[in-house]
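Subject: Structure for you to look over

Dear colleague,

Please find the structure below, together with some notes that I hope will help you as you go through it on screen.

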Amino acid sequence: MRVSIHLLGRFAVSVDDRVVPAAEWRRDRAAALVKLLALRPGHRAHREQIMETFWPDADPDAAGASLRKAVHFARRALGGRDLIDVSNDIVALAPDVELAIDTESFETAAKAALRGDDSKAFAHAADLYGGRLLPDDLFVEWLDAPRAQLQQRYSDLLRAGNLWQRLIALDPADEQAQCALMQVALDAGNRVEAIRQFNQLRDNLHAELGVGPSAATIALYEKALALSGTETVSPVEQIRTSLAWGLVHLQSGEFDKASEIARRTRDLALGADLPREVGESSALLGIASMMQARWPQLFRSEFIEWVRAKPAFVQHVFDGHLCLSEFCLCSAKGHAEVAGLARELLTVAEEAGSSAGRGLACLLLGEASLFSGDLDGAEGFLAAAEQLLQEADAVAGRVLAIERLAEIALERGQRWRAGRLIRRGLADAERSWLSPHLIMRMQALAVRAASTPKMVAEEILAGDRLLIPGACQPCSMALRTASAIALAEAGDLEQVDRRLNDAERIAGMWQGGPWAAALWEARGVQRRAQNKEMRALAAFEEAAGRYEELGRPRDQARCLARMNPAG
């Protein structure tokens, strides 16, 4: 008999030629037991270690009963009692048959390749790495160490073997790999490929969030542009070089210089009719002003100038300021300040006859009303914003309006309507250069709107697949907390702590906004599910207080209601 287990990129088991159907693993603990034993040295573990891993808070009798059930269902799925052996308190996986596990095959080949210098050995070992360890179990804490170890081994293998394309697939923001490929292209005289690699790196570093290539990488890019003379350098290439240097100055704290480059680059983009680059230049300018505590004044002057003088590009300028306006709206009492600004800007847009300007002002007013607890007022502004922004083809702003309308539907208990809005928003978001941010935010609502346990699990899994390296951390906060709350309410506590720990780390990096309050609320749900009622009440009370400080009465009321679920 031969048992084959795949853990890299997927979970699959076959016994001889029979593939164990996925339905056989519907008992999560049966699958988890097989995964744990497959990764353990010798494929065995003491029953106490297994119980501590899976049921750390259960009393020994309850944990022992749960382990016996897991063993029973694992044996049934595998099709043989002898495939999970229990002797002298040791649980072993397939001790008397041939056992093939892809992680072990990869580790053996990788170690052998790293001891030598054979390019074929490097490539062969890399072929055995089928993907991230158990990608559908990203928030299972006991898998963190083996997952990191395997991924590091794969990274070392690719780097040692100069397998740069695969390294970029593993980490799209790996500058060493991108620069190596740029240099290979330059050595071959392939200007186009070197430029393509730079643009790929630039996109993957999320230049619109203030993270850009290093000075050394930009110098390689400029070398590529110079290969065929400056007269053939396109406006797009000039603009991307300029934006990259602007980000270097931004990261060095030279905010005035970054602002100067942003304005100059935006003028070039405007002249070349490049709307995305107009937005990216505006983002660079906005981030520099935010760092100097000048953003509201800048946004006001920008809005007025562009609505009156260059109405066709208003939505693209706003795209560049989108994350910054959301950050200010979410700060303490920030929505009151932004609402006052938006009322002024609405008047300016109406006088200028700008649909895009009116739509953006209505969007801000709708968001401010929503945060203030006025659902009817918010819905009126947001519906108007969606219509106006659709007329102006302002995709990002329209998706944001749809997102807020879906929030209102959820507040009113209209899950069916929220679901319809979410589907529309996700479809539209694909058209925007800000799609990674917009989709992440919309997926948080999809988790909240799911109406059955199966749908909740599917939406959480879809959200987890968005949390890739380089994903926008602030935009992920709502998704992380929504997933943690949904899992806790379903009694699936294993992954909750890890998810909230990740969210707390991000909240510590991005101070301000409702995230701290949302985390206290999620912790309260978790503590209640753990039957720690006093700690749950304290967490809800803290969350309510923080929402009150932010001027969010409906969020405050929800947390107070959680303190008295029977009432």
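How do the side chains of Lys454 and Glu458 meet? They form a salt bridge, with 2.6 Å from N to O, although you should keep in mind here and throughout that this is a predicted model. Because Lys454 and Glu458 are four residues apart in helix H22, which spans residues 453–464, about one helical turn separates them. Lys454 is exposed, with a relative accessible area of 59%, whereas Glu458 counts as partly exposed at 43% relative accessibility.

Other salt bridges

The structure holds 44 salt bridges, and two further pairs may be worth a look alongside the one above. Arg159 and Asp174 also meet through their side chains in a salt bridge, at 2.8 Å from N to O. This pair links distant parts of the chain, since Arg159 belongs to helix H6 (residues 144–160) while Asp174 sits in the loop between helix H7 (164–170) and helix H8 (175–187), with the two residues 15 apart. Asp174 counts as buried, because its relative accessibility of 9% falls under the 20% cut-off, whereas Arg159, at 27%, counts as partly exposed.

The other pair is Arg523 and Asp497, whose side chains form a salt bridge of 2.7 Å, N to O. Arg523 lies in helix H25 (residues 515–529) and Asp497 in helix H24 (residues 496–509), so this salt bridge ties together parts that are 26 residues apart in sequence. Here Arg523 is the buried partner, at 9% relative accessibility, while Asp497 is partly exposed, with a relative accessible area of 29%.

Beyond these pairs, there is also a network of salt bridges, in which Glu411, Glu489, Glu521, Arg552, Arg554, Asp555, Arg558 and Arg562 are linked.

The three-stranded sheet

Turning to the strands, you will find an open sheet of three, arranged in the order S4-S6-S5 with antiparallel pairing. Strand S4 (44–46) and strand S5 (84–87) are its edge strands, each of them pairing on one side only, and neighbouring strands are turned against each other by 20° on average, with direction ignored. Three bridges hold the antiparallel pairing of S4 with strand S6, residues 90–93; within this pairing Arg44 stands opposite Ala92, and His46 has Ile90 as its bridge partner. S5 and S6 pair over four bridges, again in the antiparallel sense, and Ile84 is partnered there by Leu93 in S6. The hairpin of S5 and S6 has two residues between the strands, and in it Asn88 takes a positive phi near 50°.

Two helices accompany this sheet. Helix H1 (residues 28–39) lies across S4, S5 and S6, and runs at about 85° to S6, while helix H3 (residues 60–78) packs on the sheet by touching S5 and S6, its direction making about 145° with that of S5.

The pairings of strand S1

Strand S1 (residues 2–6) is joined by four bridges to strand S7 (residues 98–101), and these two run parallel; Ser4 has Ala100 in S7 as its bridge partner. Four bridges also join S1 to strand S2 (residues 12–15), but in this case the strands run antiparallel, with Ile5 standing opposite Val13 in S2. Five residues lie between the strands in the hairpin of S1 and S2, where Gly9 takes a positive phi near 85°.

With best wishes

Notes:
Residues numbered from 1 in each chain as written. Predicted model: local features only at pLDDT ≥ 70, side-chain atom pairs only at ≥ 80, totals over all residues. Heavy atoms only, no water. Pairing = 2+ DSSP bridges. Axes fitted to C-alpha atoms, helices over the stretch in contact; angles between N-to-C directions. Contact = heavy atoms within 4.5 Å. Salt bridge = Lys/Arg side-chain N within 4 Å of Asp/Glu carboxyl O. Buried < 20%, exposed > 50% of the residue type's maximum accessible area, 1.4 Å probe, protein only.
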